Amino acid sequence: AGGALAGCGETTETAGIVLPSAAPLPPRFRVPLPIPATKKPARTVHGVDEYEVTQRIGDAEILPGKTTKVWGFDGTFPGPTFEARAGHEMRVRIRNELPQPTSTHLHGGITAPASDGYPTDLVVPVGGSFDTHRKHSGEMPMTVRPQDWTLHQGSKEYRYPLGQRAATLWYHDHRMDFSAPQVWRGLVGMFVVRDDEDDALPLPKGDREIPLLICDRSFTADGSFSYPSLDPSLTMTPGVRSKYMQGVQGDVILVNGAPWPELSVAPVRYRFRILNASNARRYELALDPGGHLVQVGSDQGLLAAPRTHSSIVLSPAERFDVVVDFSAYRPGSTVTLVNRLGSGAAGQVMRFRIGGRATDDSHVPARLSQVETLKRSQAKVTRQFDFRRTDNGWTINKQYFSPSTVLARPALNSVELWRFTSDFHHPVHTHLAHFQVLSRDGHEPAATDHGWKDVVDLRPYEVVEVLVRFTGFRGRYMLHCHNLEHEDMAMMANFQVV
Ligand code: C2O
Ligand code: CU
């Protein structure tokens, strides 16, 4: 098993096994950073923008000279970027022309349960069918009864009221048992919410505001995506499953779908909206040769004041909104965005090439936003969620996910203290509700834990306390681990907002 386990260190920074590509690794810093297209509404009806998206198989050239079949929103990987306005409702009709059912979740969105992309709320492919009586997955320990499925034939309209502040959200597949392979195949995109407060700040704008969707993939010799359940030589037998149970990591680092790209920049400030869209890989991003990442926002929008970091750790699904000032570097030189947690080529992410003079009227103001700080005393209820492995899967409070089991019933508009404990790296994500990190292992939150968040990087044997506020809607939502292999192996739970 040695070869297949390449890169499998037993350190606590390892959140999965690196699946080596059979294809040669592409050269680094040769392709320009692609910017995903902005999605345009099909029509506007009574002030509501209506969008139409088709999930289909598309061709992408990710490795030079090779074609990769992707499962994409509009056939692209990443999918198009949505530009949304806080307070302006948006409706997105998703038509499924893929071979398998899907469920689309707007990660970080405050939506009604019917539009949340619940794992058993499926869009069945156009012309396809779905047997609610079949065992949904051969090996997983979860129980799903026939009545737990909701089926939409061919397409479904998702409604996003966007009663929330400006933030970098994203959208991705959330199908029961298959989120990991379906996201790996390409079902992911960015979703930017803007508001007047964010617009009014003198931060870099226009083509100096750039999304960086970072993820890792592995490839077969012909350029197809390689994944334990996609690659015929690696069927998901119990043995393979237990090997990849910690999570699947690729050995090729992609930014906006391109391997180790390069971006030409002027020697001025840029704003980067960074998303870790990887299944399992954690990154510690830093600039080489040195420099600052000035954080202006977290998962859920602007911080009260900027925070300067020499590196930032991103667990899967976390977002960081940072400003980098390239005037600190010599024109003509290059600056590499490195990943201190990666070995070999995975230790690098992308490169910036510094161009000649340009003017810059942007700056990072000392005050960014009015952000209320939640206090421990506001929480009337405390709950604990323990994230732990078993022989067959991953559990929350000793339970495998079941659509009909509810672990918590928080009241609408209340604040609760949730205490997360773990045996491994688990990026914990709450749907609907946003939170603030209160403490980490009895100490102050980490430097990168600040602001409103919807994912927290829970590390092995840590105790992380968060203050969660439930707003917007009543109904059934979930919290889960955002390591997508853990998620597919049952590490999800329901809460019901009452
Ligand atoms: Cu980004 Cu339930 O997930
Ligand atoms: Cu996990």
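**Strands, sheets and domains in a predicted model**

Reader: In this predicted model, is Val48 buried, partly exposed or exposed?

Author: Val48 has 15 C-beta neighbours inside 10 Å, whereas a residue is called buried at 20 or more and exposed at 12 or fewer. Because its count falls in between, Val48 is classed as partly exposed.

Reader: Which residues is Val48 in contact with, once its neighbours within four places in sequence are left aside?

Author: Val48 is found in strand 3, which covers residues 48-60. From Val48 to Thr220, 172 residues apart along the chain, the C-alpha atoms are separated by 44 Å. With the neighbours within four places in sequence set aside, the contacts of Val48 are Glu89 and Arg91.

Reader: Which residues on the two sides of strand 16 are buried?

Author: Strand 16 runs over residues 252-255, and both of its faces are covered. A residue counts as buried when 20 or more other C-beta atoms lie within 10 Å of its own. On one side the buried residues are Val252 and Leu254, and on the other they are Ile253 and Val255.

Reader: Which residue stands opposite Leu254 of strand 16?

Author: Strand 16 pairs with strand 13, residues 209-219, in the antiparallel sense over 4 bridges. Within strand 16, Leu254 stands opposite Cys215.

Reader: Which residue takes a positive phi in the hairpin of strand 16 and strand 17?

Author: Strand 16 is joined by 2 bridges to strand 17, residues 258-259, and the two run antiparallel, with Val255 standing opposite Ala258 in strand 17. The hairpin has 2 residues between the strands, and the one with a positive phi, near 50°, is Asn256.

Reader: Which strands stand at the edges of the sheet with the order 18-26-25-20-23, and why is one side of each left without a neighbour?

Author: This open sheet has 5 strands with mixed pairing, and its twist averages 20° from one strand to the next. Each edge strand has a single partner strand, so one side of each is left without a neighbour in the sheet; the edge strands are strand 18 (262-265) and strand 23 (311-314).

Reader: What is the bridge partner of Leu287 in strand 25?

Author: Strand 20, residues 283-288, and strand 25, residues 334-339, pair in the antiparallel sense over 4 bridges. In strand 25, the residue bridged to Leu287 is Leu337.

Reader: Which strands are at the edges of the open sheet with the order 28-27-30-34-32?

Author: In this sheet 5 strands are joined with mixed pairing. Each edge strand has a single partner strand, so one side of each is left without a neighbour in the sheet; these are strand 28 (394-396) and strand 32 (434-440).

Reader: Which residue in strand 28 is the bridge partner of Phe387?

Author: Strand 27, residues 381-389, pairs with strand 28 in the antiparallel sense, and 3 bridges link the two. In strand 28, the bridge partner of Phe387 is Ile396.

Reader: How many nonpolar, polar and charged residues does domain 1 have on the side that touches domain 3?

Author: The domain assignment gives domain 1 as 31-195, domain 2 as 206-354 and domain 3 as 376-497. The centres of domain 1 and domain 3, taken over C-alpha atoms, are separated by 23 Å, and 19 residues of domain 1 are in contact with 22 residues of domain 3. The side of domain 1 that touches domain 3 has 10 nonpolar, 5 polar and 4 charged residues.

Notes. Residues numbered from 1 in each chain as written. Chains lettered and ligands numbered in written order. Predicted model: local features only at pLDDT ≥ 70, side-chain atom pairs only at ≥ 80, totals over all residues. Domains from an automatic or database assignment. Contact = placed C-beta atoms within 7 Å. Nonpolar A, V, L, I, M, F, W, Y, C, P; charged D, E, K, R; others polar. Pairing = 2+ DSSP bridges. Axes fitted to C-alpha atoms, helices over the stretch in contact; angles between N-to-C directions.
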